[in-house]
Amino acid sequence: METEQCHKYLLDKLKAEQILSKEEIIQLLTDVSDQDREYAAKLARKAREPYYGKDIYTRGLIEFTNYCRNDCYYCGIRKSNDKAVRYRLTKQEIEACADAGFRLGFRTFVLQGGEDAYFTAERIADLVLTLKQKYPECAVTLSVGEQSYETYRMWREAGADRYLLRHETADVCHYRKLHPQKQSLTRRKKCLFALKELGYQVGSGFMVGSFGQTFQCLAEDLFFLKELSPQMIGIGPFIPHRDTPFGRMEAGSVELTLFLLSVLRLMFPKVLLPATTALGTLHPRGRELGILAGANVVMPNLSPVGVRDKYELYNNKICTGEEAAECRNCLELRMEAIGYRIVQDRGDAK
């Protein structure tokens, strides 16, 4: 079977909700053409339509601390980066971000930060409780890394609805290339299953094109996601940060990321799938292309303008200088231009 016919056959299998083997996934990701990407994106849009129509959900991102105890080799806020300008938002500043976001129509707030010891379990529980009491109709998402089962339970009981924790890679050998010895893929996975058990809407995902990644690694990622069955999946191209051990490496492929978005939509028709900031950083129409490939979420930044360039996981991140209102209005126009609409909604998974 010719390569293009093989890709079409495998994509049609996914469309029919059939499970591919790891060998078939590797075949699917090998030598992908523009025609393959277009066909996959067309199928992905059709798969999304019954559940989400033309609706695009927004999440108001509040990056509240860039201190982190971890030393991931790819990350600009890793603890060993002594060039990072560190900051923490106060509770009042975080509330002000949410207040502004609510006025702009955001109905989900994402509290994202490094694993910062200052923000104890109790402090974060208090933040969640405050936001839920003030805006009971809104969802609160946390993204603050690996924690104990008891801590996750405390935050869930305080009212947290969702939790984002990318697994980054499901391949043990690849994980070792990206993280120091003290960090553990087993522990990462354990956290994700604990979050599901506690009733969170769970998000996971991975970088595309990180150091040492192969199609075999990506097949492992897709199989792990099938096992986890998360409500949200976040993927984006790897982008290097100059002050990390990976600072001189090439960025991941926009084209492969878009193809994988389509594959994920076919595998998980009801999933919440963001068109990430990383895509928009590498391509001027990256977020639009992500939506056209099957995504249905965008995440504008509600953080104070003065700290946005300090939460630098990678270089040249977009939207570090725009006001939140400008960013949202800009996104609304961009989505309308490709036939989609941003809606004022919590945007829960179907």
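Contact here means heavy atoms within 4.5 Å, and in this predicted model that criterion places helix H5 (residues 121-134) across S2, strand S3 (108-113) and strand S4 (139-143). The direction of H5 runs at about 160° to S4.

The sheet itself is a good place to begin a tour of the structure. Six strands form an open sheet in the order S2-S3-S4-S5-S6-S7, and their pairing is parallel. Strand S2 (60-65) and strand S7 (232-237) stand at the edges; each has a single partner strand, so one side of each is left without a neighbour in the sheet. From one strand to the next, the twist averages 20°.

Within this sheet, S3 and S4 pair in the parallel sense over five bridges, and Leu 111 has Leu 142 in S4 as its bridge partner. S4 is mostly covered, with five of its five residues buried. In a regular strand the side chains alternate between the two faces of the sheet. Both faces of S4 are covered: Ala 139, Thr 141 and Ser 143 are buried on one side, and Val 140 and Leu 142 are buried on the other. Leu 142 thus appears both as the bridge partner of Leu 111 and among the buried residues of S4.

Further along the sheet, strand S5 (residues 162-164) pairs with strand S6 (residues 201-208), again in the parallel sense, over three bridges. Here Leu 164 finds its bridge partner in Gly 203 of S6. Helix H8 (residues 185-197) packs on the sheet and touches S5 and S6, its direction making about 155° with that of S6.

Helix H8 also holds Arg 188. This arginine is buried because its relative accessible area is 14%, below the 20% cut-off for that class. Leaving aside residues up to four places away in sequence, Arg 188 touches Glu 115, Glu 146, Leu 165, Arg 166 and His 167.

Ser 21 offers another setting, in the loop between helix H1 (3-15) and helix H2 (22-29). With a relative accessible area of 28%, Ser 21 is partly exposed. Ser 21 and Phe 223 lie 202 residues apart in sequence, yet their C-alpha atoms are 8.8 Å apart in space.

Attention can now turn to the empty space in the model. Rolling a probe the size of a water molecule over the atoms shows where empty space is left. The largest pocket holds about 260 Å³ of space. Its lining consists of Asp 34, Arg 37, Glu 38, Ala 41, Arg 45, Glu 255, Leu 258, Phe 259, His 283, Leu 289, Leu 292 and Ala 293. Helix H3 (34-52), helix H10 (254-267) and helix H12 (286-292) are the elements that give two or more residues to this lining, and H3 gives the most, with five residues. By residue class, the lining of the largest pocket divides into six nonpolar, one polar and five charged.

Enclosed space is found as well: a search of the whole structure gives two cavities of 30 Å³ or more. The second largest cavity has a volume of about 60 Å³. Leu 61, Glu 63, Thr 277, Arg 287, Met 299, Pro 300, Asn 301, Lys 317, Ile 318, Cys 319 and Cys 327 line this second largest cavity, and these residues divide into six nonpolar, two polar and three charged.

Note on methods: Residues numbered from 1 in each chain as written. Predicted model: local features only at pLDDT ≥ 70, side-chain atom pairs only at ≥ 80, totals over all residues. Heavy atoms only, no water. Pairing = 2+ DSSP bridges. Helix = DSSP H or I, 4+ residues; strand = E, 2+ residues; numbered from the N terminus. Axes fitted to C-alpha atoms, helices over the stretch in contact; angles between N-to-C directions. 1 Å grid on protein atoms, 1.4 Å probe; cavity = no way out; pocket = protein on both sides within 12 Å on 5 of 7 lines; lining within 4 Å. Points joined across faces, edges and corners; volume = space filled by probe spheres on them. Nonpolar A, V, L, I, M, F, W, Y, C, P; charged D, E, K, R; others polar. Buried < 20%, exposed > 50% of the residue type's maximum accessible area, 1.4 Å probe, protein only.
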